[in-house]
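These are my notebook entries on a single protein chain, written while I went through its fold, its core and its aromatic rings.

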Amino acid sequence: MLRNRLQVTIEIEQKQTFSNIEEVIVLKESRKDELLTIINEKGFIKVTDAAEQLDVTKMTIRRDLEELENEGELLRVHGGAKQITKDDFIELSHLEKGALHVKEKKHVAKKAAELIKENDTVFIGPGTTTELMQEYIQVNAATIITNSISIFNRFQDKKMFDVVLIGGRLRERTKSFVGYFTSKWIKDIKVQKSFIGTNGIAGGDITTADEEEGALQRTIIRNTQQNFIVTDSSKFGVQAFQTICSVQDVTGIITDRKVSDETIDFYKEKCDIIN
């Protein structure tokens, strides 16, 4: 009998502990969202002001800001943090990008995959969102063309796909082929649909971090009947190193549901918004 009472007591304490942990996680994510809202509105936030406004310690705010910086959401500066601008853009590694906004990227990848129909010939460009598309494509046959080694690896064992890998010089940061030979081969490619990733969408520009990748993406967009930019909502308002093309040059932008109504209203006059 005593053992049973002890077991019940332990189970209750464990449930309370798990409940407390879940509550802390929810509060933390909510606090981080509030910090991002403030920074997006004002462009900058002080640690002291944030601690007072959110009623937590300055140490807690510093930890939150550090996590948000590691997630690529902001830049920490002396005394606080600021919004990422064009001059601040730093391209993360393929591995680092893959760990960010996973839920949103899966949503976007699924929306993109739904646009691929039976026997389509499509180009899928490099990116941690575009490489998730393979999981959601529901066709019996299609031709997939890519210059991404990561995307090629995901498709190569799927018998319903004819997969074409365009080679060249491997750019390790994005696991994609670039350079003279890649460019030469891409010029001859004509496809029905293309799905292109981006490092940022700012104003009317689709941007990328690398000029060679940007040149390849411009070429494939010109050679495509329907071209789509595939991006999660965190890329809006971010301007990377080089402009790929104007928003008006693409068929549509495929994104997630976290995009603000104001952003949707701005871009839907220029192209389709699919979310």
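The entries below go from the whole chain to single residues.

**Entry 1, overall.** I note at the start that I am working with a predicted model. I looked up the secondary structure first and found nine helices and 15 strands. Of the 275 residues of the protein, 43% count as buried. I then turned to the contacts between residues at least 6 apart in sequence, and among these 60% join residues at least 24 apart.

**Entry 2, nonpolar cores.** I went into this entry with the general expectation that in soluble globular proteins nonpolar side chains tend to be buried together. The largest nonpolar core holds 24 residues, and F123, I201 and I253 are the ones with the most contacts inside it. I asked which elements give two or more residues to this core, and they are strand 9 (191–197), helix 8 (211–222), strand 13 and helix 9. Helix 8 gives the most, with three residues. I followed F123 further and, leaving out residues up to four places away in sequence, found that F123 touches I145, T146, N147, I166, I186, V191, K193, S194, F195, I196 and I220. A second core, separate from the one above, has 20 residues, among them A112, I116, V122 and M133.

**Entry 3, cavity.** Rolling a probe the size of a water molecule over the atoms shows where empty space is left. How many cavities of 30 Å³ or more does the search give? I get one, and the largest cavity has a volume of about 50 Å³. The residues that line the largest cavity are F123, P126, N147, I186, E213, L216, Q217 and I220, so I meet F123 here again, after its place in the largest nonpolar core. Helix 8 gives the most to this lining, with four residues. I looked at E213 in more detail: E213 is in helix 8 and is buried, with a relative accessible area of 7%. Not counting residues up to four places away in sequence, E213 touches R171, T174, S176, V178 and T208.

**Entry 4, aromatic pairs.** Searching the whole structure, I find six aromatic pairs. In one of them, F236 and Y267, the ring centres are 5.5 Å apart and the planes stand at 55 degrees, so I enter the pair as tilted. F236 lies in the loop between strand 12 (224–230) and strand 13 (242–246), whereas Y267 belongs to helix 9 (residues 261–267), and the pair therefore ties together parts that are 31 residues apart in sequence. Are F236 and Y267 buried or exposed? F236 counts as buried at 15% relative accessibility, and Y267 is buried as well, with a relative accessible area of 5%. Y267 also pairs with F266: the centres of these rings are 4.7 Å apart and the planes at 85 degrees, so this pair is edge-to-face. F266 is partly exposed, its relative accessible area being 38%. The charged end of K270 sits over the ring of F266, at 3.7 Å from the ring centre. Elsewhere in the search, I noted that ring pairs link Y180, F181 and W185 into a cluster.

**Entry 5, T128 and V230.** I closed with two residues and their C-alpha distances to partners elsewhere in the chain. T128 lies in the loop between strand 4 (121–124) and strand 5 (142–146) and is buried, with a relative accessible area of 11%. The C-alpha atoms of T128 and V102 are separated by 9.1 Å, while the two residues are 26 residues apart along the chain. V230 is found in strand 12 and counts as buried at 2% relative accessibility. V230 and K105 are 125 residues apart in sequence, yet their C-alpha atoms are 8.9 Å apart in space. Where does V230 make its contacts, once its neighbours within four places in sequence are left aside? I list V108, A112, T129, T130, F195, I196, G197, T198 and I254. Of these, A112 is one of the residues I had entered under the second core, and F195 and I196 had come up in my list for F123.

Key. Residues numbered from 1 in each chain as written. Predicted model: local features only at pLDDT ≥ 70, side-chain atom pairs only at ≥ 80, totals over all residues. Heavy atoms only, no water. Phe/Tyr/Trp six-rings, centres within 6.5 Å; stacked < 30°, edge-to-face > 60°. Buried < 20%, exposed > 50% of the residue type's maximum accessible area, 1.4 Å probe, protein only. Lys NZ or Arg CZ within 6 Å of the ring centre and 35° of its normal. Core = buried A, V, L, I, M, F, W, Y, C linked by side-chain atoms within 4.5 Å. Contact = heavy atoms within 4.5 Å. 1 Å grid on protein atoms, 1.4 Å probe; cavity = no way out; pocket = protein on both sides within 12 Å on 5 of 7 lines; lining within 4 Å. Points joined across faces, edges and corners; volume = space filled by probe spheres on them.
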